[in-house]
Amino acid sequence: MNQAPVLANAVSIEHVHKSYLLDSVRVTGLADVSLQIAPNLFTVLSGPSGSGKTTLLNMIGCIDRPDSGRVVVAGQDTALLTDDALSDFRARHIGHIFQTFNLLPVLSAYENVEYPLLMARVPAGERAGRVLHLLDAVGLADKARHRPGQLSGGQRQRVAIARALAVEPALVLADEPTANLDSRTGEAIIALMRRMQQERRVSFVISSHDPQVRGAADEVVQIRDGVIVDHSRISKEAAT
Ligand SMILES: Nc1ncnc2c1ncn2[C@@H]1O[C@H](COP(=O)(O)OP(=O)(O)OP(=O)(O)O)[C@@H](O)[C@H]1O
């Protein structure tokens with residue numbers, strides 16, 4: 001059996017620069033960002049609109065590459081991977097949760113959760129058990145055959161959380177996961193993500209404006225104008 005390596009950091013970013021060309025004007029996304037995130041934490045990225053949160057999540061999530069600097073995720077230096085190998089690495093080790101859920105509308109809840117397992121070529125015999133267990137864990141055992149259009153916003157995000165965890169990733173990234181939910185549903189989704197993060201000992205990195213999300217964090221990374229201005233552990237004693 002493969003033993004997962006014990007990692008010093010879930011994410012290590014060193015001197016990352018990223019800019020975009022917009023109508024021949026160069027716009028800074030990230031300016032010399034360095035960040036270490038320890039494993040098994042609930043880390044929240046916070047900052048005003050346009051500060052670089054999504055750009056940073058895209059670097060960590062291997063959706064985009066930096067112009068310069070080093071990005072190491074779950075022990076893998078992403079610069080050493082070809083584009084195909086990077087996609088494969090992402091599919092096997094990183095789960096994604098989105099503001100607009102991004103479920104495939106023609107697939108049932110069951111099939112949406114199974115989809116990343118098909119992509120990661122997990123054998124058929126293993127898939128059903130994992131999917132049913134996850135749907136049960138997010139409280140949707142009785143909705144397996146429902147399509148996204150037959151589910152509420154909160155139920156859709158529960159499916160998306162189950163989908164993000166299906167490959168048993170080292171890291172789950174969530175971009176504004178409560179932005180399209182009312183505050184009570186948002187609170188339940190935060191509690192679910194927190195419980196899954198702790199039970200499964202997976203690292204969550206969440207970009208959010210939502211004070212309820214920040215309230216659940218182990219640590220908060222503050223970004224302004226493409227620069228990290230603060231990275232603070234939250235003392236749980238102080239919070240209770
Ligand atoms: N694909 C792109 N093309 C051009 N500019 C971009 C692109 N993506 C991001 N930017 C610019 O990079 C900067 C950082 O954007 P980013 O989306 O990372 O911020 P954000 O903190 O996630 O914002 P929000 O909270 O509004 O989602 C902004 O100035 C933005 O306009």
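In what sense do β1 and β2 pair, and over how many bridges? In this predicted model, the pairing of β1 with β2 is antiparallel and extends over nine bridges. One of the paired positions is S12, whose bridge partner in β2 is Q36. The two strands form a hairpin with two residues between them. In the turn of this hairpin, D23 has a positive phi of about 50°.

The hairpin strands belong to an open sheet of four strands. The order in this sheet is β2-β1-β4-β5, and the pairing is antiparallel. Its edges are formed by β2 and by β5 (76-77), each of which pairs on one side only. Helix α1 lies across three strands, namely β1, β2 and β4 (68-73). Relative to β1, helix α1 runs at about 120°.

The ligand is surrounded by residues from these same elements, among others: β1 (11-22), β2 (25-37) and α1 (53-60) each contribute at least two residues to the shell. The largest share, three residues, is supplied by α1. The residues around the ligand are Y20, L22, V27, G29, G47, S49, G50, S51, G52, K53, T54 and T55. By class, the shell comprises three nonpolar residues, eight polar residues and one charged residue.

A further open sheet is built from six strands, in the order β6-β7-β8-β3-β9-β10. The pairing in this sheet is mixed. Here the edge strands are β6 (94-97) and β10 (227-233), and each pairs on one side only. Neighbouring strands are turned against each other by 15° on average, direction ignored. Within the sheet, strand β3 (residues 42-46) and strand β9 (residues 219-224) run parallel and are joined by four bridges. T43 has E219 as its bridge partner in β9. Helix α5 lies across β6 and β7 (171-175) of this sheet, and its direction is at about 170° to β6.

Three helix pairs were examined, beginning with α5 and α6. Helix α5 (residues 153-165) packs against helix α6 (residues 183-200) at an angle of about 15°, with the axes 10 Å apart. The two helices are therefore roughly parallel, and α5 passes α6 in a right-handed crossing. On the α5 side, the contact is made by G153, G154, Q157, R158, I161 and L165. On the α6 side, T185, A188, I189, L192, M193, M196 and R200 take part. Seven residues of this contact are nonpolar, four are polar and two are charged.

Helix α5 also meets α3. The axes of α3 and α5 come within 7 Å and cross at roughly 25°, so that these helices, too, are roughly parallel to each other. Their crossing is right-handed. The contact involves A109, N112, V113, Y115 and P116 of α3 together with V159, A162 and R163 of α5. These residues divide into six nonpolar, one polar and one charged.

The packing of α3 with α4 has another geometry. Helix α3 (residues 109-119) and helix α4 (residues 124-137) pack at an angle of about 125°, with their axes 10 Å apart. This angle makes α3 oblique to α4. The crossing of α3 and α4 is right-handed. From α3, the residues A109, Y110, V113, E114 and L117 meet R127, R130, V131, L134 and L135 of α4. The contact of α3 with α4 contains seven nonpolar and three charged residues, and no polar ones. A109 and V113 of α3 are listed in the contact with α4 and also in the contact with α5.

Methods. Residues numbered from 1 in each chain as written. Predicted model: local features only at pLDDT ≥ 70, side-chain atom pairs only at ≥ 80, totals over all residues. Near = placed C-beta within 6 Å. Nonpolar A, V, L, I, M, F, W, Y, C, P; charged D, E, K, R; others polar. Axes fitted to C-alpha atoms, helices over the stretch in contact; angles between N-to-C directions. Parallel < 35°, antiparallel > 145°, perpendicular 65-115°, else oblique. Left-handed = near helix turned anticlockwise from the far one by under 90°. Contact = placed C-beta atoms within 7 Å. Pairing = 2+ DSSP bridges.
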